Amino acid sequence: MDVPGDISRKLNLVDHLAFGGVCWSWRMSALASERDVIASQPPLVVLPSISVDKVLSLYNIFEENTYHIELPTFASKDCCGLSSGYLVFQDRKGKDELWLINPITRHELKFPTPPTNISHATITSPTTASDSSIVALSRDFVHLLFYRPSDDKWTIYKTPEPKCFYADIIVFKGQVYVLTCNGKIWNLRLQSDASLTLFAVCDNPVRCSTILRRFSFQYRPNVFLVASDDELMMVNFRVFTRPKIFKVDLETRKGVVTNSLGDKALFIADMSSALISNPTKWGGRSNCIYALDYYLDPIYVLSLEGKILQTLQDTGSSRCRKCTFYSSYWYFPNKCFQVDFLNEN
């Protein structure tokens, strides 16, 4: 009878990690159940700060608990992305390498210093830096940047169409997709002769043509690419307005408006969004949107008509009003062991 193993499977995220540090036998039991325990955790809110020093704070909206995870010191670094469970940190002065760390597994990656401040950074195969590519948007959303293991410097693409901004990046089913503010989805190919080609257009893209809002001296997009294991969606979303959700058909390469998410819910924030199945298992709601917004202390649970269903507190005082570029964002523990290897076929 594996009593330690049975206990470890019933613990929350931080208690599970602490459980493994008691002794060698408990560590072995914790490791055996680690993937299952972490994958079963709900989305967590990363509480913002000007920089992360040694402690990362994660807030569970369903249990109303704040977890604190100790990390290596990241003084003078800002978080500029989240991908496959990794937090992406950039030196404020642009001198040091990009530093990525998975706060759950403690695995780290490093990439060369980008030529400009970046946001929405995404890695393609989080195993080692030697086989990972990284794709990012410039902080002003006018450039797309990427770095491959075979490169000696970053490659920069301007927006593919005039009077257009980049909005989001996602790796889905082995492909890198890039969204622009006019509702168009582009496919970024990272072979030796890299290319950016139009992949899909959503119906009635006019709704998406004015999606940039003035935000702390920076423009921030109001359209997002979100995915579950089997679906890719583009969401045009602003708090308190009716969202427009497009389900992208990978064969016809069109986005068609959908009015139901079924047993799933959208978790949306500036730098991290996802389509999560069955949030009712944590006491949450399905067929709705969980929205994090910089200006609003509560987390709003919204219907697909834009009506408020519930407000959830994210500890209020924890918000850092001095944060120039970053707000709260979602951290998805179920992606900690995800490996988004690219399909180059």
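**Figure 1. In this predicted model, the side chain of E231 meets the side chain of K247 in a polar contact of 3.0 Å.** E231 also reaches K264, again side chain to side chain, with a polar contact of 3.0 Å. Look for E231 in the loop between β18 and β19 (232-236). Despite its charge-bearing name tag, E231 counts as buried, because its relative accessibility is 17% and the cut-off for buried is under 20%. Beyond four places in sequence, E231 touches F172, V226, K247, K264 and L275. So a view centred on E231 should take in the two lysines, K247 and K264, along with F172, V226 and L275.

**Figure 2. A227 sits in strand β18, which covers residues 223-227.** A227 is buried, with 13% relative accessible area. Its contacts, leaving out residues up to four places away in sequence, are I170, F172, L232, A274 and L275. Take L275 from that list: in sequence A227 and L275 are 48 residues apart, yet their C-alpha atoms are 5.4 Å apart in space. F172 and L275 also appear among the residues that E231 touches, which ties this view to the one in Figure 1.

**Figure 3. H120, in strand β8 (residues 118-123), has polar partners on a side chain and on a backbone.** The side-chain partner is S119, joined to H120 by a polar contact of 2.7 Å. The backbone partner is D270, whose oxygen lies 2.8 Å from a polar atom of the H120 side chain. H120 itself is buried, at a relative accessible area of 4%. There's quite a list to label around H120: C80, G81, V135, A136, L137, F141, A167, D168, I169, D270 and M271 are its contacts beyond four places in sequence.

**Figure 4. Two buried cysteines, C80 and C288, in a structure with zero disulfides.** C80 has a relative accessible area of 0% and is therefore buried. C288 counts as buried too, at 0% relative accessibility. C80 is one of the residues in contact with H120, so you can find it again in Figure 3. If you're hunting for a sulfur-to-sulfur bond anywhere in the model, there are zero to find.

**Figure 5. Aromatic pairs, of which the structure holds seven.** One of them is Y147 with W154, a tilted pair with 5.9 Å centre to centre and 45 degrees between the planes. Y147 and W154 are both buried. Another pair, F267 with Y290, is stacked: the centres lie 4.5 Å apart, with 0 degrees between the planes. This second pair links distant parts of the chain, with F267 in strand β22 (residues 264-268) and Y290 in strand β24 (residues 289-291), 23 residues apart. F267 counts as buried at 0% relative accessibility, and Y290 does as well at 1%.

**Figure 6. One aromatic cluster, made up of F62, F267, W282, Y290 and W330.** The stacked rings of F267 and Y290 from the previous view belong here, together with F62, W282 and W330.

**Figure 7. K110 over the ring of W99.** The charged end of K110 lies 4.6 Å from the centre of the W99 ring.

**Figure 8. The whole protein chain, with some words on confidence.** The chain has three helices and 27 strands. Of its 345 residues, 55% are buried. Counting contacts between residues at least 6 apart in sequence, 49% join residues at least 24 apart. The mean pLDDT is 77, and 71% of the residues score at least 70. Confidence is highest in strand β10 (residues 143-147), with a mean of 96, and lowest in strand β16 (residues 212-215), at 44.

**Figure 9. Stretches to treat gently: residues 316-326 and residues 339-345.** Over residues 316-326 the pLDDT stays under 50, although the model has 36 contacts for them beyond four places in sequence. Residues 339-345 also stay under 50, with 25 such contacts. Where pLDDT is low, predicted coordinates should not be read in detail.

How values were computed:
Residues numbered from 1 in each chain as written. Predicted model: local features only at pLDDT ≥ 70, side-chain atom pairs only at ≥ 80, totals over all residues. Heavy atoms only, no water. Disulfide = S-S within 2.5 Å. Buried < 20%, exposed > 50% of the residue type's maximum accessible area, 1.4 Å probe, protein only. Helix = DSSP H or I, 4+ residues; strand = E, 2+ residues; numbered from the N terminus. Contact = heavy atoms within 4.5 Å. Polar contact = N/O pair within 3.5 Å; in protein donor to acceptor, adjacent residues only side chain to side chain. Phe/Tyr/Trp six-rings, centres within 6.5 Å; stacked < 30°, edge-to-face > 60°. Lys NZ or Arg CZ within 6 Å of the ring centre and 35° of its normal. pLDDT = per-residue confidence, 0-100.
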